[in-house]
Amino acid sequence: MFTDQDQAMSKALHEVMPEIFHGLCTWHLMQNGIKHLGNLMKDGSYFLSDFKKCMYGIDDETKFEEAWSALLEQFNVQENTWLQATYNLKKKWAISYMKYACTLGIRSTQLSESVNSDIKSCMNPHLNIEQFFKHFEQVLEDKRYNELRCEFETRQKLPRLKLESSPMLRQLSEIYTPTIFHLFQTEFDLFAAAYIKYKNEAHTLFEYVVGLIDEDGEWRVTFDPNTKMISCSCRKFEMIGLLCCHAVKVYDVMDVKKLPEHYILKRWTREARSGVVHNYMGSEVEEDPKLQSTERYRKLCMMFIRLATEASVHPSTFSLVHEAVCDLSKQVMKMRLTEESQDNNDSVEITSTRSFMTRAKGFKKKIGSPSTRYIVCILFSTSSTSGMSSNNWESIEFY
């Protein structure tokens, strides 16, 4: 869990959820640094560059301590109280200490802040309860639309390979989402600069020391040739869920050309939403049927918009599509009525004489006196030549 440097929140998390890793939001940390250090944290300054290196670029604890001491001495800020307090919280923001926690690459509260910003648009005190829920539903619809758009692009597009002959890149380009594949491809690109400094293959568990050209530092990698299990001292896989360039280098040395399945997390794949999902109580989480319907609606809209664009050019193609859509509408309504009558034997079959499209929403039973009265509400959706649709509610009473 990531928060700002609020002490009360930190104390509450420690007492209520002691087993949860508590990290500090890097954005809030930088903003607090500007307040306490002024021009030292100015954009592009050497101090800011070295400070970010301690935060993001050094994954070894000993080298972090050396870099931090050099930073304080170079800029003569050993007595700064804010830096002293920040150093005492280093396990919550320095990558060299955070690598022992599974953060999935999250370093700030930006995601929750973005959601909060969207929700605040619904919190106008002048809105009544009905208006609030309308605004709230619109926010949800926007979120769902963006999610469906990303999923559509993920399934329709394949990322560009930097090395098309690589079996591992070809394998993962079809499995990972574009964003995750881009991150992995960056590591794969770095693997070209990796080299083996030392190796020990005398035991059942092979040991390697990997370095990078033009970079200081070395990383220890262990590899089991029987199970293809691999582990690196940088702990990138344990922290984010992606293998590092050091592990990829050892795989290449051992002629492992495709990534083993146990190193492909489902949450980073295109099929992340498929299958059964359980909540923290162990109960199966059901997918929102409304979301499925919305996804189908989006796909059909894109298909029909493309078809309408092509068909509207000539009168002959327009007539062809118009007749086909009318026939298709009748078939759809016939299937809908058949399915609804099968689902509910008591449902009332209604035949409409509307020319384009009619959709039955069902009926509502209302107790009357002295006999029972049924009120059937029907939504007629009509389409004009301009492409705009209009909905009209009509009620028919049966006694």
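The protein chain holds 14 helices and 11 strands. The model is a predicted one. Buried residues account for 30% of its 399 residues.

**Exercise 1. The chain as a whole**

Task: State what share of the contacts between residues at least 6 apart in sequence joins residues at least 24 apart, and describe the accessible surface.

Solution.
- Step 1. Take the contacts between residues at least 6 apart in sequence; 48% of them join residues at least 24 apart.
- Step 2. Turn to the surface: the accessible area of the protein chain is about 27,000 Å².
- Step 3. Carbon and sulfur atoms hold 54% of that area.

**Exercise 2. Salt bridges within and between elements**

Task: The whole structure contains 6 salt bridges. Examine the pairs Glu 130 with Lys 134, Lys 197 with Glu 218, and Asp 252 with Lys 257. For each, give the N to O distance and the exposure of the partners.

Solution.
- Step 1. Glu 130 and Lys 134 are joined by their side chains at 3.6 Å, N to O. Both residues belong to helix H8 (residues 129-156), where a separation of 4 residues is about one turn of the helix.
- Step 2. The cut-off for exposed is over 50% relative accessible area. Glu 130, at 51%, is therefore exposed, and so is Lys 134, at 55%.
- Step 3. The side chains of Lys 197 and Glu 218 form a salt bridge at 3.1 Å, N to O. Lys 197 is in strand E3 (residues 194-200) and Glu 218 in strand E5 (residues 218-223), so this pair ties together parts that are 21 residues apart in sequence.
- Step 4. Lys 197 has a relative accessible area of 42% and is partly exposed; Glu 218, with 40%, is also partly exposed.
- Step 5. Asp 252 and Lys 257 meet at 3.4 Å, N to O. Asp 252 is partly exposed at 30% relative accessibility, and Lys 257 is partly exposed at 41%.

**Exercise 3. The nonpolar cores**

Task: Identify the residues with the most contacts inside the largest nonpolar core, and list what Tyr 176 touches beyond its sequence neighbours.

Solution.
- Step 1. The largest nonpolar core consists of 35 residues, and Tyr 176, Ile 230 and Leu 259 have the most contacts inside it.
- Step 2. Two or more residues of this core come from each of helix H9 (167-173), helix H10 (178-191), strand E4 (206-212), strand E5, strand E6 (230-232) and helix H12 (245-253).
- Step 3. Set aside neighbours within four places in sequence. Tyr 176 is then in contact with Phe 181, Phe 184, Leu 242, Leu 259, Tyr 263, Ile 264, Trp 268, Thr 269 and Arg 270.
- Step 4. A second core, separate from the largest, has 21 residues; among them are Met 41, Phe 47, Trp 82 and Tyr 97.
- Step 5. As background, nonpolar side chains tend to be buried together in soluble globular proteins.

**Exercise 4. His 22**

Task: Is His 22 buried or exposed? Locate the residue and describe its contacts.

Solution.
- Step 1. His 22 sits in the loop between helix H1 (7-16) and strand E2 (23-24).
- Step 2. Buried means under 20% relative accessible area. His 22 has 10% relative accessibility and therefore counts as buried.
- Step 3. The side chains of His 22 and Thr 3 share a polar contact of 2.6 Å.
- Step 4. With neighbours within four places in sequence left out, the residues in contact with His 22 are Met 1, Thr 3, Ser 10, Leu 13 and Lys 92.

**Exercise 5. A nonpolar patch on the surface**

Task: Which helix gives the most residues to the nonpolar patch?

Solution.
- Step 1. The patch covers about 530 Å² and is made by Leu 300, Met 303, Phe 304, Leu 307, Leu 328 and Val 332.
- Step 2. Helix H13 (289-311) and helix H14 (315-343) each contribute at least two of its residues.
- Step 3. H13 gives the most, with 4 residues.
- Step 4. Met 303 is located in helix H13, and this residue is exposed, with a relative accessible area of 51%.

**Exercise 6. Leu 163**

Task: Which residues does Leu 163 contact, leaving aside its neighbours within four places in sequence?

Solution.
- Step 1. Leu 163 is in the loop between H8 and H9, and is partly exposed at a relative accessible area of 42%.
- Step 2. Outside the excluded neighbours, Leu 163 contacts Leu 169 and Phe 188.
- Step 3. Leu 163 and Phe 188 are separated by 25 residues in sequence and by 9.5 Å in space, C-alpha to C-alpha.

Terms used: Residues numbered from 1 in each chain as written. Predicted model: local features only at pLDDT ≥ 70, side-chain atom pairs only at ≥ 80, totals over all residues. Heavy atoms only, no water. Salt bridge = Lys/Arg side-chain N within 4 Å of Asp/Glu carboxyl O. Buried < 20%, exposed > 50% of the residue type's maximum accessible area, 1.4 Å probe, protein only. Core = buried A, V, L, I, M, F, W, Y, C linked by side-chain atoms within 4.5 Å. Contact = heavy atoms within 4.5 Å. Areas by Shrake-Rupley, 256 points an atom, 1.4 Å probe, with all protein chains shown as cover. Polar contact = N/O pair within 3.5 Å; in protein donor to acceptor, adjacent residues only side chain to side chain. Patch = residues over 30% accessible without salt bridge, like charges linked within 9 Å, V, L, I, M, F, W, Y side chains within 5 Å.
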